Amino acid sequence: MERWLRDGAFEGETHIVTGAGQGIGLCVATALAAHGAQVAVIDLDAGRVAEVRDEIKAQGAVEPLAVAANVTEEADVVRAVGTVMEASGCINGLVNVAGITRDARITKKTLDDFKAVVAVHLHGTFLFTREVANQHWHPLFKANGNQRLDDGVNRCIMNFSSVSARNGNIGQVDYTAAKGAIEAVTRTTAREFSGYGARVNAIAPGPVDTPMLAQVPEEGRRAFERMTLVGRIAQPEEIAATICAISDPKLFGFTTGQVFAANGGMYLD
Ligand SMILES: NC(=O)c1ccc[n+]([C@@H]2O[C@H](COP(=O)([O-])OP(=O)(O)OC[C@H]3O[C@@H](n4cnc5c(N)ncnc54)[C@H](O)[C@@H]3O)[C@@H](O)[C@H]2O)c1
């Protein structure tokens, strides 16, 4: 497994990754595991999460936890976080990757599709965030006399926005609404969770070579390449490397409430 950080950067830690069945989530789970984390692989299909667990374990990592859950279902999320707590007793990181697209222009967009897209991205991010806090970080804070946790333990959340939140994207009124909201949610969560000693950030990738992008016609993908300054689409491993770096408190311990643009220069701040 490829490593970019110091050896064992996340040794002894447990990190939850939603949407880890394929694409960016799979790469994030693999990369965190390569740096010593026990990862909890969350996705819709029980068979798929078990396969990912076995693939990561076969690479010499700590055996991942495989938990099938729909991020939009409150009961699933409560159960999934409970399962991770029971198995590991600790949650250090949460990476909210799960996502879908149902692209159609506004005039053709159904309310059901709009709601479904918002639910996976926004409700899923909220539900996992709340449960990690309710089942682990908030009780620690209370046990500390409601004083800021300053115990040197890594606690971090990475949310997923998209370049489309800033740039807009035809056909994605639902997706861009959810992603813009996730950026706002990231800032509020960073403020609320500072007492837990937790850092909360988001990444806003440009086009990444995954099954999600494969749904865009070839011509559209070429257009995305031309819109970047680097002249290409990202590989999911590059996004995973960025997530690993930001999750490492030795590298990004002073950074919270931020949105990181990883978009090849599609827009310039
Ligand atoms: N690929 C890109 O170009 C791109 C660009 C910017 C942002 N993003 C964001 O990155 C994230 C990952 O995208 P990707 O390209 O890897 O997508 P993908 O479609 O390849 O993978 C998404 C994963 O999420 C899972 N998922 C979907 N709905 C779920 C649900 N309700 N509960 C649990 N799991 C669910 C899917 O089963 C799948 O395994 C998404 O949030 C996406 O919006 C992607």
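This tour walks through a predicted model, from its sheet to its helices and then its ligand.

**Before you start.** Residues are numbered from 1 along each chain as its sequence is written. Because the model is predicted, local features need pLDDT of at least 70 and side-chain atom pairs count only at pLDDT 80 or more, while totals for chains, interfaces and linings use all residues.

**Stop 1: the sheet.** Select the strands. Helices (H or I, at least four residues) and strands (E, at least two) are DSSP runs, numbered from the N terminus. Seven strands form an open sheet in the order 3-2-1-4-5-6-7, with parallel pairing. Two strands pair if DSSP finds at least two bridges between them. Now pick out the edges: strand 3 (65-68) and strand 7 (259-262), each pairing on one side only.

Next, select residues 156-160 and 199-205. These are strand 5 and strand 6, paired in the parallel sense over five bridges. Find Asn159: its bridge partner in strand 6 is Ala202.

**Stop 2: helix 4 on the sheet.** Select residues 111-143. This is helix 4, which packs on the sheet and touches strand 1 (14-18), strand 4 (93-96) and strand 5. Contact means C-beta atoms, placed from the backbone, within 7 Å. The direction of helix 4 makes about 170° with that of strand 4. Axes are lines fitted to C-alpha atoms, for helices over the stretch in contact, and angles run from 0 to 180 degrees between N-to-C directions.

**Stop 3: helix 3 against helix 4.** Add residues 74-88, helix 3. The axes of helix 3 and helix 4 come within 9 Å and cross at roughly 45°. That makes helix 3 oblique to helix 4. Angles under 35 degrees count as roughly parallel, over 145 as roughly antiparallel, 65 to 115 as roughly perpendicular and the rest as oblique. Show side chains: Val77, Val81 and Met85 are among those of helix 3 in the contact, and Leu127, Phe128 and Val132 among those of helix 4. The contact residues divide into seven nonpolar, three polar and two charged. Here Ala, Val, Leu, Ile, Met, Phe, Trp, Tyr, Cys and Pro count as nonpolar, Asp, Glu, Lys and Arg as charged, and the others, Gly among them, as polar.

**Stop 4: helix 6 against helix 4.** Swap helix 3 for residues 173-192, helix 6. Its axis lies 8 Å from that of helix 4, at an angle of about 15°. Helix 4 and helix 6 are therefore roughly parallel. This contact has 11 nonpolar, four polar and three charged residues.

**Stop 5: the ligand.** Of the 26 residues around the ligand, Gly19, Gly23, Gly99, Thr210 and Met212 come nearest. Around the ligand means a C-beta atom, placed from the backbone, within 6 Å of it. Helix 1 (23-34) and helix 7 (211-214) each give two or more residues to this shell.

Technical notes. Contact = placed C-beta atoms within 7 Å.
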